[in-house]
Structure formats: C-alpha cells, structure tokens
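Student: I'm new to this one, so could you walk me through it?
Tutor: Gladly; let us put it on the screen and take it piece by piece.

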Amino acid sequence: MKIYNTYSEKIEEIELKQPIGIYVCGITPYDTTHLGHAFTFVTYDILVRYLRFLGANVTYVQNVTDIDDDILIRAHALKTTWKELGNHETISHFKNMHALNALHPDHIPKATENISQMQKIIQGLIKKGGAYVINNSVYFDVKKDKNFGKLSKFNYKAMLEIANDRGNFPIDPNKKNELDFVLWQAQQHPDEPSWNSPWGQGRPGWHIECSAMSMRYLGSTLTIHGGGQDLIFPHHESEIAQSENFTDKKFVKTWMHTAMVYSEGKKMSKSLGNMIFVHDLLKTYTASELRTFLAMHHYRTSFNYDEAEFVVAKNAIKAFEPCCLDQKILSFKRLKQIAPEFLLALDNDLDTSKAFQILTDIAKSKNETKKAIIPTGLKILGIKV
Ligand SMILES: [Zn+2]
C-alpha cells in the first residue's frame, strides 16, 4: 500500500511486514466534533481498517490535548472547570465517533497524564543545548536546529508569519528568537492549573505533548503520523524538531495530512458562524449516510460542504442493501481475485473516493459474482448497511 508523504512530497510504500505505529493528533476538548474532525478521524479509521485487512499489525494512538489555553478560556466562559469541560467534551467526541462506526484507538493518552514523559524530553533538550530556561519557562531554540522547516518547506519569514497567525507571541521578552516556541510555560496566575517541574510550577507547551505521547506508545520512530493539514506548521514541524533533537533518530517515516472541509466556501470557525457539527448532521442523516458522504471524498482533496451529496450517499446505500443480505466477509485473496480494482484504489494513497465509486458501480451492475465483495468492501470503508 502507498501513501502520500508530506515530508518527501511523494507517494511511498508502507512496509506491511513490520509492526505499524500510527499516531493521529486528536482533539482539544473544548468544543463539539465538527465535520472537519469527522473527515480526519474517519480517514484514519479507514486506513487502520484497510491495513488490518491486508494483515498488518497496527497500533493506533489518538491523543487528547486536555490542557490548553482554549480549554481554560472556554471553561471560564461556561463557569465550569477545565477538567469537567475536558471530560465532557472528550466523552462527547468519542460518542460521536462511535456513532460514525469509528474503531476505538488502541491508546487514547491524555496530555495531563504524560507530564513526566514531557519533562524528560525537555530536560534532554536543555542538556543538548537545543532548549533554554528563562524565568521558569523553557523554550526551544529554533536557530539551533538547521533542519527547522524541513516538513513545511517554509522559509523563516513565512514560518514566522504563519506562527504569529496561529498563536505565536513574537514579542515575548523571554525569547531569544521570535520563532522560538515554549516547551514549558511558567504558571502566570495562582488559579491556573500547574504541575511541579525542575523549572518551577507550570504546564507543558502544546507541541511537546504530542512528541511525548507518540513516542511513549510507539517508540522513537513512528510509521505514520497524521492530522489535519493545518497542523503541518507549526505543530508537526515543532514535533519533529523536539523529537529528533532528543532521540537523534528519524521521528516519522510517513507524514499524512487530511485536507480541510469548508462551509459556505470558508474555513469553519465560530466567529463566522459556519460550523457544521456531527451531532447536528446525525439528526438529519443516518450515521451510514454521513460515513458514506465522508468516504466519497479523497482525504487529500479539500471540499466545500454540499447537502446535495447526501442524495448520492442515500442512493448508494439503497443500491448496496440487496447485496448485503448475506454479510459474508471475504479474505484478502478472494477479494483480490474478484475485484482487484477495489484494492488497487485503496492501495493508491487510500483513494476511498474511487473505491466507493467501484462499489457503487458493482452494486448497480448485473455481475452477481462481483456483488459478493460489497459487504467486505463496505466493512473496510466502515459503512454499515
Ligand atoms: Zn499533535
């Protein structure tokens, strides 16, 4: 099977005989699951299902960023605690994903349960000279890492602009360089959640959380690291820098990123009021219809939310139904004999859009032998009929 690697900018073979470790950046639990989240997590769910169908030994990790500025701000606005808000939204997210027939990840680490792993990496980086301590905070020294920018391929100026747009504080007086990012931030107010550390009370930066949680469960080198395209910079760029400077090993073999889902032609955001939530969609459509709608799109092609596509999804499910009276699941060998084109589509950078079209065409055809693959094909796509 081949996947497009954001790092090499090429479609590359995934080694199926070795154990496969997949880490996907999970939610920051302060808001409900929206369509973009669902697109990302359904993509990786299909990837995991397909790799397992091919016989691979997959460990799938999806974290929860349960401490973050957004959670603190939202908890304050809702007059609740960050812990309660985080727990509530985490449960609600996995309920939504369960409704969408997503497999439960093998590990769901929470940032607040991995503080000591993060501190270990930070200490290592300080020792090696890649990070510095100032006023009880610790920063990653970007200028010390000549490879910084190798994933996103942005130059320093472009990186700085994007980082500033995404929460970087260039004028932080603690920093040596404007682009340095925080590994450990000192507690600002006494009521802010904090943990003990060799540098004083504080909490981890966002990027170090994912380095620590991914390597804890999957070792120094992950097979696949995934997330939405908007995480490439600065989040994933920073993860590489921290991890590789700490371990001196390649952090990730394949970087895989899902495209953005737009609503009314724009990125979904609270301020624009164009958010589309999974729990709202599930009031109008069945989970299978929503799952089909998502699988109809290739993960690297961004799309604008279009209700009309649900008509296609509904019609496809109707066509699949008579083929699913017998839910017999075929082996890989048998599926390959009957409909190699279905496997070829998924082998080629997880082209679920094409795979879905192949199933639809078979369901509408008169080829009864081929129709025997439909329950297996739908199971791989995670569509229940
Ligand atoms: Zn992450």
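Tutor: One term comes up at once: two strands count as paired if DSSP finds at least two bridges between them. Please also keep in mind that this is a predicted model.
Student: OK, so how many bridges join strand 7 to strand 8?
Tutor: There are 3 bridges between strand 7 and strand 8 (residues 202-204), and the two run antiparallel; within this pair, Trp 184 stands opposite Pro 204 in strand 8.
Student: And strand 6 with strand 7, parallel or antiparallel?
Tutor: Strand 6 (residues 137-140) pairs with strand 7 (residues 181-186) in the antiparallel sense, over 3 bridges, and here Tyr 139 stands opposite Val 182 in strand 7.
Student: What about the open sheet, which order do its strands take?
Tutor: Its 4 strands come in the order 4-3-9-10, with parallel pairing. Strand 4 (58-62) and strand 10 (252-258) each have a single partner strand, so one side of each is left without a neighbour in the sheet.
Student: Where does helix 6 pack?
Tutor: Helix 6 (residues 206-218) packs on that sheet, where it touches strand 3, strand 4 and strand 9, while helix 7 lies across strand 9 and strand 10.
Student: Switching topic, which protein donors does the zinc ion have?
Tutor: They are Cys 25 (SG), Cys 210 (SG) and His 235 (NE2), at 2.0 to 2.2 Å from the zinc ion. Cys 25, in the loop between strand 3 (20-24) and helix 1 (35-53), and His 235, in helix 7 (residues 232-247), are 210 residues apart.
Student: Is His 235 buried or exposed?
Tutor: His 235 is buried, with a relative accessible area of 1%, and Cys 25 also counts as buried, because its relative accessibility is 7% and the cut-off is under 20%.

Note on methods:
Residues are numbered from 1 along each chain as its sequence is written. This is a predicted model: local features need pLDDT of at least 70, side-chain atom pairs count only at pLDDT 80 or more; totals for chains, interfaces and linings use all residues. Side-chain values use heavy atoms; hydrogens and water are left out. Donors are N, O and S atoms within 2.8 Å of the metal (3.2 Å for Na, K and Ca); water is not among the atoms, so sites may look incomplete. Buried means under 20% relative accessible area, exposed over 50%, partly exposed in between (1.4 Å probe, protein chains only). Contact means heavy atoms within 4.5 Å. Axes are lines fitted to C-alpha atoms, for helices over the stretch in contact, and angles run from 0 to 180 degrees between N-to-C directions.
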